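The following explanation moves from one helix to the spaces around it and then to the chain as a whole. Please keep the sequence and the structure in view while reading.

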Amino acid sequence: MKERIIIFDTTLRDGEQSPGASMNAAEKMRLATQLEKLGVDVMEAGFPAASKGDFDAVSNIAQKLKKTEVAALARTSKGDIEKAWGAIQHAVKPRIHTFIATSDIHMQYKLNMSRDKVVNTAVEALKYAKSLTDNIEFSAEDASRSDRDFLCKVFEAAIEAGATTINIPDTVGYAIPGEFADLVKYVIDHTPNIHKAVVSVHCHNDLGLATANTLAALNSGARQAEVTINGIGERAGNTSLEEVVMSFHTRPNYLPMTTNINTELIYPTSRLVSSITGIIVQPNKAIVGANAFAHEAGIHQDGVLKNPMTYEIMKPETVGLSASKLVLGKHSGRHALRNHLKEMGYDLSDEELQIVFTKFKELADKKKHIVDEDLEVIVTEGILRTADIFRLEYLHVISGTTVFPMASVKLAINERSVQGAGYGNGPIDAAFNSIAKLTGTESELLRFSVTALTGGTDAQGEVTVRLGEKGLIALGRGADPDIITASAKAYVNGLNRLEYLKANPVMATT
Ligand SMILES: [Zn+2]
């Protein structure tokens, strides 16, 4: 008999705490619908008290999703809990998630509270939450560095006050698997009313042990795993959903656990998260990295050709990794496009479909085969980013061996057109200088990288930029068959994200 594990996805909340990963409301909504399709049980949609933007994003998601439980994070204050509830109250199944730190170091230096005061604050907050809903999660921030007996005392009081899930976070990624398994077992054995709550774990990857710690905890009796797609999250990130789920899938004898995840949607979801956040997946990332199923050594290739199981413990198809297939071409009509987008998870209005169709035709003139990745980019750039402040309207670049590189640019700034020109030491530099002059940005370009979106020489170039301004970091992404245009799009996207971040700061939490 397999144990059913609750998958609590926090890509939209903890994932958004990855430097530069802030997403606008439309991007979050797109990701939320994909996560529902993937089959996560609970989705932490955000931290409504952090900003108006986050409140609205959580509220829209809560109203749109049809079956997934929607959680909102709140500190243990009445104001935060009120906002969290305000944002999720119309969800099919709302969950308030509140937290307070329980380690001595956090209580002394961050909260400036005694142990008793922490317990009382948590209890008061939970009682208030309980007046709003029966579905409440309580997290003891920095649990892995907390005194074990105090932790049990806090959890006992929390359950008594109404918590139905108690979460044990390894907030700073400090735990070691054997030790963490032992902690979970200790909590289960020493919290008298623990049977009234689901035990959850939330691990960070600072030592590269997030997945190992999560699996160890589940073996000790935890029944909820808090995860993110691609393992994105604060600092070194969170436990990655795909690693946990595929561990169950690949090692059922050792891990007799099951989830509601449709594994074939893992890879498309990973691509989407990367495309929306701008955070590139490292090539050697387990399950979803570009090299995860690539076999370089000749002896491996020979074995794999004769029988894939010689070196492959998982089938690429199981995680939805099949060769990019031709989906549409130049002669595909609007109807075929709408149907295909629907299959990909996009339910577009007629107006949106028209925008995508026009861009699709433009791309089909330059590129013979249009694959899912291309469509994903068209929708991301054409629909999800419409609330942008800056929009690239026109770019003309002159460069070559005997000319001084020059770019002329037309931008829409809050829908008002402005134009200008600039020089640079290359065409991209010239384009960036012109855009910087027009927008008056004070940001600094910290990183720039170009990759190909798919295989083939006619593939779209995909550019990622990292911009920094007064301690804020924003990633920008752009794709186009022309890499100079892709670069300009990425830069403009980065500037938009920076503006969004200034208006909607991401708050660091558990
Ligand atoms: Zn976290």
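**A covered helix and the spaces beside it**

In α14, the buried residues are Glu373, Asp374, Leu375, Glu376, Val377, Ile378, Val379, Thr380, Glu381, Gly382, Ile383 and Leu384. Buried here means under 20% relative accessible area, with exposed over 50% and partly exposed in between (1.4 Å probe, protein chains only). Helix α14 spans residues 372–384, and 12 of its 13 residues are buried. Helices (H or I, at least four residues) and strands (E, at least two) are DSSP runs, numbered from the N terminus. The cover over the buried residues of α14 includes α1 (25–38), α10 (266–277), α12 (334–344), α13 (350–366), β16 (472–480) and α16 (483–503), where contact means heavy atoms within 4.5 Å.

The model is predicted: local features need pLDDT of at least 70, side-chain atom pairs count only at pLDDT 80 or more, and totals for chains, interfaces and linings use all residues. Residues are numbered from 1 along each chain as its sequence is written, and side-chain values use heavy atoms, with hydrogens and water left out.

Empty space was sought on a 1 Å grid over the protein atoms alone: a cavity is a set of points where a 1.4 Å probe fits but cannot get out, a pocket is an open set with protein on both sides within 12 Å along at least five of seven lines, and lining residues have an atom within 4 Å of a point. Grid points are joined across faces, edges and corners, and a volume is the space filled by probe spheres set on the points.

The largest pocket has a volume of about 800 Å³. Its lining comprises 28 residues, of which Lys359, Glu381, Arg391, Leu392 and Lys489 lie nearest its centre. Two or more lining residues come from each of α13, α14, β11 (390–398), β16 and α16, and β11 gives the largest share, 6 residues.

Glu381 of α14 also lines the second largest cavity, together with Ser275, Val377, Thr380, Arg385, Glu462, Arg477, Gly478 and Ala479. This cavity holds about 50 Å³ of space, and α14 and β16 each supply at least two residues of its lining.

Turning to the whole chain, there are 16 helices and 16 strands. The radius of gyration is 24 Å, close to the 24 Å that the globule rule gives for 510 residues, so the chain is as compact as a globular protein of that length. This radius is taken over C-alpha atoms, and the rule is 2.2 Å times the number of residues to the power 0.38. Buried residues make up 55% of the 510 residues.
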